[in-house]
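Morning, everyone. One structure today, and a short walk through it. Have a look at the screen.

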Amino acid sequence: MFKFIYRTVKYALVAALGAATAAKFVLQSRADPETQEIDLVSIFDGTNLASVANPFYGGKILNLFAGTNLDLRKVKPGPTGVSLDLAVLCGGVNILVPEGWRVRSQMNINAGGFNDATRTNADPDATTVTLTGFVVLGGVNIQSRPLMEVVS
């Protein structure tokens, strides 16, 4: 029985690596700091994006064997809030939001983790970040931090 499980996991990992390698050459990110709805692709490398979009609606993040940092502290959210659809396989996504934003997760987590480290007040009118999608053998961390300001 152990050999069967070992072989199955080994072939699944080889298939995932092969698919990720093919996807690296086919899929392209469509995201820059002013993009209102992002398509952020990270495969075998790290991606950092500090958005300043006005308004920012959300978008999609594909993360395969990689790391993604998304900073939303300078965005003006859309009227319905921010909606992000994540697909994470063997990687990690870190999202920074302004203090006071609320987080609602509807993600499927399999052999991975989700950490909501935001400091949220009970304001029902606060901007809501809705996370959907899935995480397999990876993690998602969402936290709030104030912007550092330069004093002259």
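How much area does the protein chain expose, and what share do carbon and sulfur atoms supply? About 8,900 Å², with carbon and sulfur supplying 57% of that. Accessible areas here are Shrake-Rupley values with a 1.4 Å probe, and for residues only the protein chains shown count as cover.

A word on the source. This is a predicted model: local features need pLDDT of at least 70, side-chain atom pairs count only at pLDDT 80 or more, and totals for chains, interfaces and linings use all residues. Numbering runs from 1 along each chain as its sequence is written, and side-chain values use heavy atoms, with hydrogens and water left out.

Now the layout. The protein chain has 1 helix and 11 strands. Along the sequence, the helix comes before the strands. Both are DSSP runs, numbered from the N terminus: helices are H or I, at least four residues, and strands are E, at least two. The C-alpha atoms fill a box of roughly 60 × 35 × 30 Å along the principal axes. Of the 152 residues, 39% are buried, meaning under 20% relative accessible area with a 1.4 Å probe, protein chains only.

Let's zoom in on one residue. Ser 42 sits in strand β1, residues 37–43. Is Ser 42 buried or exposed? Buried, with a relative accessible area of 0%. Its neighbours, leaving out residues up to four places away in sequence, include Leu 62, Leu 64 and Thr 68; touching means heavy atoms within 4.5 Å.

How values were computed:
Buried means under 20% relative accessible area, exposed over 50%, partly exposed in between (1.4 Å probe, protein chains only).
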